[in-house]
Amino acid sequence: MKEILIALALIFSLQIADAQVKSPSDAKRAVDAAEAAAANPKKAAKVATWTKLAEAYMSAYLAPAGSAWVGAGQQDIQLIMANEKPISSESVVISGEQYTKQIYETRNYYFNGAGILSIIEVTAPVIDNPLGKALDAYVKAYSVDAKKSKTDDIAAGIKNVSSKYLEEGMNKYMLGDLNAASINFEKAADAAATEPCSSIDSMALYNAGFTAWMTQNYERAKGFFEKCVEIKYYENGESFAKLADCYAKLEDKEAAKATLENGFTEFPQSQSILIGLINFYIESGDNPERLFTLLDEAKKNEPNNASLYYVEGNIYSELGNREKALASYAKCAEINPEYEYGFIGAGIMLYNEALELQEKAQNELDDEKYMKLVDEFESVLMQAIEPFESAYKVCKNDEVKVNIAEYLKNIYYRFRDKDAKYDESYKMYDEVVRTGVVK
C-alpha cells in the first residue's frame, strides 16, 4: 500500500468535541429524544431542533468508539479508561504490519508496535448510518434558518461530519477494506461540498479515486481522477498517471496518451508519468522519439535543471540505450555537481546490468562462456562504484544516503577478498545500513 503513498495527513479533530463521549445507551436515548422533537411540527421549524438532532447523531457515532483516540498511547488509554478493560487481546497482522488488537464490547482497538493506537474499529454501532443522518439534519437546519444566522455553526458541523468520513475511510484503508475506504472518502468529499460548507476536499477525492484504482474499479476511479485534474490537484503528477492508467484499462488509448503527455508537460520529473509514457510507446509501437520532443520542450523552459537530464537518462535506460543514458546522467553533474540523482541513475543502471550478467552466468553450462560472463559481470559491477560513491559524497539526505550505502555494501562485498580497501569499504557501508547512521 505504499506505492504512491496515499495522502495520510488525516483531518483528525483535537478531541475537544469528542471529550465528553456518552455511553452508547445515553447516546441512543439522546437520539430518540431529538428525533421526537424533530417530528413535532412546531419544533421542526426551529434551527436548534435540527442542529441538536445532528449533534445527537454525532454523539451516537462517537459513543461506541469509547474515549480513546487515534495517536494515543496504551498508557494514556489505561489512564482515561481505568474502569473499562478489554474483553480479550490478540496479535494480528494487517497489510504486513504487526498489531495488538484489543477487543471491547462495542469496538476493537489496534495498537502498532510502538504501542500507539492506530485504528479504531466500531463493531456495535448505536444506530445505522449516524454520519449520513447527521449530515441530513445539518442540511435541514440550514434550510429552516431563514435569517442564515447559524450558517457558520452549521458549516462547522458539516465539516466535522466530513472529517469523520475521512477518518472512517482511512480506518477501512488500513484494515484492507478498500471498497469501503473509497466509499467513505467519497462521502467525505460530498459532505465537504454540501451547503453551506461548500468546499472542495481534494484529498478526499484523490483518496476515493486511489482506493478504487487499487481494487481495479477503473470506471469509478476515473471520475475522481478527472475531478482532481480539473481542480488542479495533481499530487505531484500522480493524478495524471492514475487517470491515464484508468483510460488505458478502459481501452481509451488516445485519452491515456493525451493525459500522460499533459501530465509530462506539468511534471516532467514524475517517474509514474514517465514510465506510463514509455510503456505506452513501447506497447503501441508509436515512435518513442515523442518522449524526447516533450523533454526538449521542458529543457527550453529550464535549461539549467539537472533533473531533466536525469529523466532523459531514465528514458534511455528504459529503452536500452546504455551509452546515451550514461551521457545524460553525466550531464546532470555538469550542470549541478551537487545533484546526486544523476550519479544514482548511472549507478543503478550499471548495477542492474551487472545483475543481468550474473543471472546469465548462472544459467550458462559452458565453462568458458561462464567465466567470460563472470568477468563481464565483475567489470560492470566495478563501474557502478564510482557513480554511487559520488552520489554518497554529495547527497545531503541521510535516508537516501543509507539507500546508496546498500548498493555500495553489496558491491564491495563481492570484491572484499580481492583487496583490503574493498573489505574496509564493505564494513563501513555495512555499518551504515545496519545502524542508519551515515558517515
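The legends below describe the whole chain and several close-up views of a predicted model.

**Figure 1. Overall view of the predicted chain****.** The secondary structure consists of 20 helices and four strands. With a radius of gyration of 28 Å, well over the 22 Å that the globule rule gives for 439 residues, the chain is more spread out than a compact globule. Along the principal axes, its C-alpha atoms fill a box of roughly 95 × 50 × 40 Å. Of the 439 residues in the chain, 46% are buried. Among contacts with a separation of 6 or more, 56% are between residues 24 or more positions apart.

**Figure 2. Surface and charges of the chain****.** About 22,800 Å² of the chain is exposed, and carbon and sulfur atoms supply 49% of this area. The chain carries 48 positive and 68 negative charges, and the mean positions of the two sets are 7 Å apart.

**Figure 3. The largest nonpolar core, with Tyr57****.** This core has 58 residues. Those with the most contacts inside it are Leu53, Tyr57, Ile154, Val161, Trp213 and Phe225. Helix H3 (residues 47-62) supplies the largest share of the core, 10 residues. Tyr57 is in contact with Val31, Glu35, Ile127, Pro130, Lys133, Ala134 and Ala137, leaving aside neighbours within four places in sequence. Another core, of 31 residues, lies apart from the largest one and has Ile385, Val394, Cys395 and Tyr426 among its members.

**Figure 4. Ser118 in strand E4****.** Strand E4 covers residues 117-122 and includes Ser118. The relative accessibility of Ser118 is 13%, so the residue counts as buried, the cut-off being under 20%. Ser118 and Val70 are 48 residues apart in sequence, while their C-alpha atoms are 5.4 Å apart in space. Val70 is also one of the residues in contact with Ser118 once neighbours within four places in sequence are left aside; the others are Tyr99, Tyr110, Asn112, Asn171 and Met174.

**Figure 5. Thr259 in helix H11****.** Helix H11 runs over residues 253-266 and contains Thr259. Thr259 has a relative accessible area of 10% and is buried. Its contacts, leaving aside neighbours within four places in sequence, are with Phe240, Leu243, Ala244 and Tyr247.

**Figure 6. Ser328 in helix H15****.** Ser328 belongs to helix H15, which spans residues 322-335. The residue is buried, its relative accessible area being 4%. Not counting residues up to four places away in sequence, Ser328 touches Tyr309, Glu312, Gly313 and Tyr316.

**Figure 7. Phe388 in helix H18****.** Phe388 lies in helix H18, made up of residues 385-394. A relative accessible area of 0% makes Phe388 a buried residue. Residues touched by Phe388, not counting those up to four places away in sequence, are Ile344, Gly347, Ile348, Tyr351, Ile404, Tyr407, Leu408 and Ile411. For Leu408, the separation from Phe388 is 20 residues in sequence and 6.8 Å in space, C-alpha to C-alpha.

Technical notes:
Residues numbered from 1 in each chain as written. Predicted model: local features only at pLDDT ≥ 70, side-chain atom pairs only at ≥ 80, totals over all residues. Heavy atoms only, no water. Helix = DSSP H or I, 4+ residues; strand = E, 2+ residues; numbered from the N terminus. Buried < 20%, exposed > 50% of the residue type's maximum accessible area, 1.4 Å probe, protein only. Contact = heavy atoms within 4.5 Å. Core = buried A, V, L, I, M, F, W, Y, C linked by side-chain atoms within 4.5 Å. Rg over C-alpha atoms; globule rule 2.2 N^0.38 Å. Areas by Shrake-Rupley, 256 points an atom, 1.4 Å probe, with all protein chains shown as cover. Lys, Arg positive; Asp, Glu negative; His and termini not counted. Charge placed at Lys NZ, Arg CZ, Asp CG, Glu CD.
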